[in-house]
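Thanks for coming, everyone. I'll put the structure up and then walk you through a few spots in it.

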Amino acid sequence: INLFIIVFSKVEDLRTPPTYEAMSTLDDFIIRRSTLEDVPAISKLLEEVALPGDPEFRLMVGSGIVPQQEMIDFVVATHTHSSVILHPCSLVATIRSFDDGCHSGCNKVVAFRMSCAAHHPGHVDEDSTIQSMIEKSSGLQRRARMFKDIESGGMDVVMDTTPPSSGYQEGSIDFLQLTVDPNYRRQGLATKLVQEAIVIAKSLPESRCINVCAASRYTSRIFQDQGFQKVSQISYRTYQQDDDNGKPFF
């Protein structure tokens, strides 16, 4: 399986941040910040759309590293944590309603772009519930170590020889899951969600860098088209951890 997890980073000059509009439209959709009321819809899209098509999820479950429901519960818990949902760069796309003259959109969430502040005391990974899930699962512990390898440029990680300033620094923003309902794809929603999130990130005085960990060629292409640069890359085919005794992780 010749797949990769690729970390991209975008460092911007934030001295003159652009004006940010709280809401934008794209044909029949409205893009807005996510709220806690969106959690059920986001959870449903995660479980039914995002995870079944995610290469990392399929390999983690298919290789027996993490049981399927355990992996689903963990991803849903981390991506619907309040620090993620309420982050300024976490956005949803809803269907715009014309039937009743409503201009705020209906409640049907058809796409989302989740984000969080990287490595700060309130980070989702520091949450006691999330920590408890990891501590109880050897598979989730191995998964966590894999992502630490990516961040640190550890075993089997290919680093860009001349990367921009490394994304994992104070003021970094992590772009997490990007998901579009299959019934509403090929209408520019994914690209628009990324573009809007970048605009918001530039408007935040504390932001210095945006990181994204992409596990699909489609997602990688979107971020490269938006000016992100590759920082590191890890191969699913050859990746192994210290306790694997020379055997592939997957």
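**A strand and its neighbours**

Let's start with a pair of residues: arginine 113 sits opposite leucine 178 in β7. Before I go on, keep in mind that this is a predicted model.

That pair belongs to a longer contact. Strand β5, residues 109-117, runs antiparallel to β7, and 6 bridges join the two. β7 also pairs with strand β8, residues 209-214, but here the sense is parallel, over 4 bridges. If you want one contact to look for, serine 172 has cysteine 209 in β8 as its bridge partner.

So how buried is strand β7? Of its 9 residues, 172-180, 8 are buried, so the strand is largely enclosed by the rest of the structure. And a general reminder while we're on strands: in a regular one, side chains alternate between the two faces of the sheet.

Now follow the chain onward. β7, helix α7 (residues 189-203) and β8 together make a right-handed β-α-β unit. On the way, in the loop between β7 and α7, you come to arginine 186. Its phi is near 60°, a positive value, and this is a residue other than glycine. Is arginine 186 buried or exposed? Exposed, because its relative accessibility is 87%, and the cut-off for exposed is over 50%.

Next, how does α7 sit against helix α8, residues 217-225? The two pack at an angle of about 45°, with axes 10 Å apart. That angle makes α7 oblique to α8. As for handedness, α7 passes α8 in a right-handed crossing.

Over to another part of the chain, and helix α3, residues 68-79. Here's a quick sanity check with a ruler: at 1.5 Å a residue, its 12 residues should span 16 Å, and the end C-alpha atoms are 17 Å apart, so that agrees. Which residues of α3 are buried? Met71, Ile72, Phe74, Val75, Val76, Thr78 and His79 are. When you look at that list, remember that an α-helix has 3.6 residues a turn, so residues three or four places apart point the same way.

Last stop: proline 67, in the loop between α2 (55-62) and α3. Proline 67 counts as partly exposed, because its relative accessibility is 48%. Its C-alpha atom is 8.1 Å from that of glycine 139, although the two residues are 72 apart along the chain.

That's my tour. Happy to rotate the model to any of these spots.

How values were computed: Residues are numbered from 1 along each chain as its sequence is written. This is a predicted model: local features need pLDDT of at least 70, side-chain atom pairs count only at pLDDT 80 or more; totals for chains, interfaces and linings use all residues. Side-chain values use heavy atoms; hydrogens and water are left out. Buried means under 20% relative accessible area, exposed over 50%, partly exposed in between (1.4 Å probe, protein chains only). Two strands pair if DSSP finds at least two bridges between them. A crossover is right-handed if, with the strands pointing away from the viewer, the path from the first strand over the helix to the second runs clockwise. The expected span of a helix is 1.5 Å times one less than its number of residues. Axes are lines fitted to C-alpha atoms, for helices over the stretch in contact, and angles run from 0 to 180 degrees between N-to-C directions. Angles under 35 degrees count as roughly parallel, over 145 as roughly antiparallel, 65 to 115 as roughly perpendicular and the rest as oblique. A crossing is left-handed if the near helix is turned anticlockwise from the far one by less than a right angle, and right-handed if clockwise.
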